[in-house]
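The report below goes through one protein chain, taking up its charged pairs, a helix pair, some buried positions and the backbone geometry in turn. It is meant to be read alongside the sequence and the coordinates.

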Amino acid sequence: MKLRRYLTVTAAGIPAVLATASLAGTAAVSGPTLVPMAIQAPDTQAAPAGGGTPACTSPAPVHTYASYHCYTPSDIAAAYGISAVHSGDNLGQGQTIVLVDSYGSPTAAHDLKFFHDTFYSSLPNPNFNEVYPQGVPDYNNTNSNGLSGPSSAANWSGEATLDIEWSYAIAPEAHIVLLAVPPAETEGVQGFPNLFKAIEWAIGNYPAGTIFSQSFGVTEQTFGGAAQTQTAGFDKVYKDAAAKGDTVFASSGDSGSTGVDKQHKDGRTYPFPTDGWPASSPWVTAAGGTQLQYGWTWAPTAPGDLSWTPGGNSETVWNEPYLPAASGGGPSSIYGKQSWQSAQASVIGSSVRGEPDVAWNAAVNGGVLVYITAFPAYQRSGWHVYGGTSAASPQLAGVIALADTALAAAKPGHHVGYLNPKLYAIGDAAGSSTSTFTGTGDFRDIVPQTYGVYTLRNNTLGANPDGSTPTGGVHGYPTLNGWDMTTGFGTPRVSQLIADLVAAS
């Protein structure tokens, strides 16, 4: 079985980016590798051992997964309290969501229309467009491995398709924009400068209250000694978004606290815990990961076992050691303490920013269904199961689109905008978080859970079944009662969070 991964730890062929201290007028300098954060489940139609029921059966064209569970939009809507919002005629109408991805996808509009026809046929066709502020990528120069040079387009197409379909799934009447950016490889200036010029363009061309989702990242340490100078140039763009009333999300990462060392051509990881950027930027809301077990319960009897039993609803920190993959998060090595995070100092430390801020389902076993037809020589056309914090960020962007639609009705001209101060004010409020799957409060607090031989209690990449750090591994951070550096405040109970965001905005 092949597990296609868009992870820092396995993406050595993805082209390097060259970071600059500002977006114009500054010579490029060597910088980190830019990595999309999506993980595709093993593409197998094998029947379960003993002839049991497959864990996942997709809509037509039918594809089955023996052990990996999957979710439709109605599953996610039921699990997170979105159904009540949709039934109240709030579908994100009037809002704009911008998904920022290298290359985009040549079949994005077609694939989203198929997704709509499958799950939302009673609604108008998607309000979608793909824009290329720096020119249309060369989609023809693509080989089957999808990794080196311009053929990275195939690798990124899965990321882009996940982003558009699942922001749409949460806010199906929002304007969905895929901001596609081709790295200028012939000039040797790739990645972040192009992405941030495109984000600047989008800030100037879309309405106040636009929500941005970024499903990529790098290890903070790969910026080197110029980290604060380089990130300050990019943060200026985020500050412009905040001043305009926009909201910005970023995926926290899929490798726990383990980061790739760019100085060794992505061939090894740092021997100490690291954090990821741009999720660590205080101007960005970092989306961590959980594993949602909705209608099934993992029941492993040995390491690597994916056995399960029907029934049960639970949610735990996203840590799948058998991949391995885990929710990114930890204390920043670049940014100091933020005033809105003062109540978390006992967890983070008294002088630095910690992330993630909030979480959403990011598991591969329990991933979301994505329909894609781009680059069939690279990946089968049809339904696939995707996870990673790439799935979390666009769905949370959809949640804020729903909040902005509610705000437009209650307080015309208001937007959620810069989210972090409001999020922490709500999350810090007494009694705002409970750990039960059903209950009151804006967030479902994610606490340690035991399933068979596994105890999931931190974001240590490749953790032993008891949660301990494997020999030679890098320790992660614990999942705690209340806010922590694996899932932030936990996952939203969407209808309640929207009500409090409307009150706070």
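## Salt bridges

The side chains of Lys-236 and Asp-240 meet in a salt bridge, with an N to O distance of 3.4 Å. Both residues belong to helix H6, where they are four residues apart, or about one turn of the helix. An α-helix has 3.6 residues a turn, so residues three or four places apart point the same way. Lys-236 is partly exposed at 49% relative accessibility, and Asp-240 is likewise partly exposed, with a relative accessible area of 31%. The model is a predicted one, and five salt bridges are found in it; three of these pairs are set out here.

| Salt bridge | N to O distance | Relative accessible area |
|---|---|---|
| Lys-236 and Asp-240 | 3.4 Å | Lys-236 49%, Asp-240 31% |
| Lys-113 and Asp-117 | 2.9 Å | Lys-113 30%, Asp-117 37% |
| Arg-444 and Glu-315 | 2.5 Å | Arg-444 4%, Glu-315 4% |

Lys-113 and Asp-117 lie four residues apart in helix H3 (residues 108-119), which separates them by about one helical turn. Lys-113 counts as partly exposed, and so does Asp-117. For Arg-444 and Glu-315 the closest N and O atoms are 2.5 Å apart. Because Arg-444 is in strand E24 (residues 443-444) and Glu-315 in strand E15 (residues 308-317), this salt bridge ties together parts that are 129 residues apart in sequence. Arg-444 is buried, and Glu-315 is buried as well.

## Overall composition and the H5 and H6 pair

The chain contains ten helices and 27 strands, and 61% of its 505 residues count as buried. Among contacts with a separation of 6 or more, 77% are made by residues 24 or more positions apart.

How do the axes of helix H5 and helix H6 cross, and at roughly what angle? The axes of H5 (residues 192-205) and H6 (residues 227-244) come within 10 Å of each other and cross at roughly 15 degrees. Since angles under 35 degrees count as roughly parallel, H5 is roughly parallel to H6. The crossing of H5 past H6 is left-handed. On the H5 side the contact is made by Phe-192, Pro-193, Phe-196, Ile-199, Glu-200 and Ile-203, which meet Phe-234, Val-237, Tyr-238, Asp-240, Ala-241 and Lys-244 of H6. The residues of this contact divide into nine nonpolar, no polar and three charged. Asp-240 thus has a place in the contact with H5 and also in the salt bridge with Lys-236.

## Buried positions

Gln-341, in the loop between strand E18 (330-336) and helix H7 (345-348), counts as buried at 3% relative accessibility. Leaving out residues up to four places away in sequence, Gln-341 touches Ile-348, Val-352, Arg-353, Gly-354, Asp-357, Tyr-424 and Trp-483. One of these partners, Tyr-424, is itself among the buried residues of helix H9 (residues 420-428), together with Asn-420, Lys-422, Leu-423, Ile-426 and Gly-427. The elements that cover the buried residues of H9 include strand E14 (285-298), strand E19 (352-355), strand E20 (358-361), E24 and helix H10 (494-504).

Ser-213 sits in strand E10 (residues 211-214) and is buried, at 0% relative accessibility. Its C-alpha atom is separated by 6.1 Å from that of Val-248, which is 35 residues away along the chain. Apart from neighbours within four places in sequence, Ser-213 is in contact with Val-98, Leu-99, Val-100, Phe-249, Ser-393, Pro-394 and Ala-397.

## Backbone geometry

Which residues does a cis peptide bond join, with omega about 15 degrees? The bond joins Trp-277 and Pro-278, and Pro-278 is found in the loop between strand E13 (276-277) and E14. The peptide bond from Glu-355 to Pro-356 is also cis, with omega near 15 degrees, and Pro-356 lies in the loop between E19 and E20.

Positive phi values occur at residues other than glycine. Asp-89 has a phi of about 65 degrees and lies in the loop between helix H2 (83-87) and strand E7 (96-102), where Asp-89 is exposed, with a relative accessible area of 62%. Phe-375 has a phi near 50 degrees in the loop between strand E21 (367-372) and strand E22 (382-387), but Phe-375 is buried, with a relative accessible area of 12%.

Technical notes. Residues numbered from 1 in each chain as written. Predicted model: local features only at pLDDT ≥ 70, side-chain atom pairs only at ≥ 80, totals over all residues. Heavy atoms only, no water. Axes fitted to C-alpha atoms, helices over the stretch in contact; angles between N-to-C directions. Helix = DSSP H or I, 4+ residues; strand = E, 2+ residues; numbered from the N terminus. Parallel < 35°, antiparallel > 145°, perpendicular 65-115°, else oblique. Left-handed = near helix turned anticlockwise from the far one by under 90°. Contact = heavy atoms within 4.5 Å. Nonpolar A, V, L, I, M, F, W, Y, C, P; charged D, E, K, R; others polar. Buried < 20%, exposed > 50% of the residue type's maximum accessible area, 1.4 Å probe, protein only.
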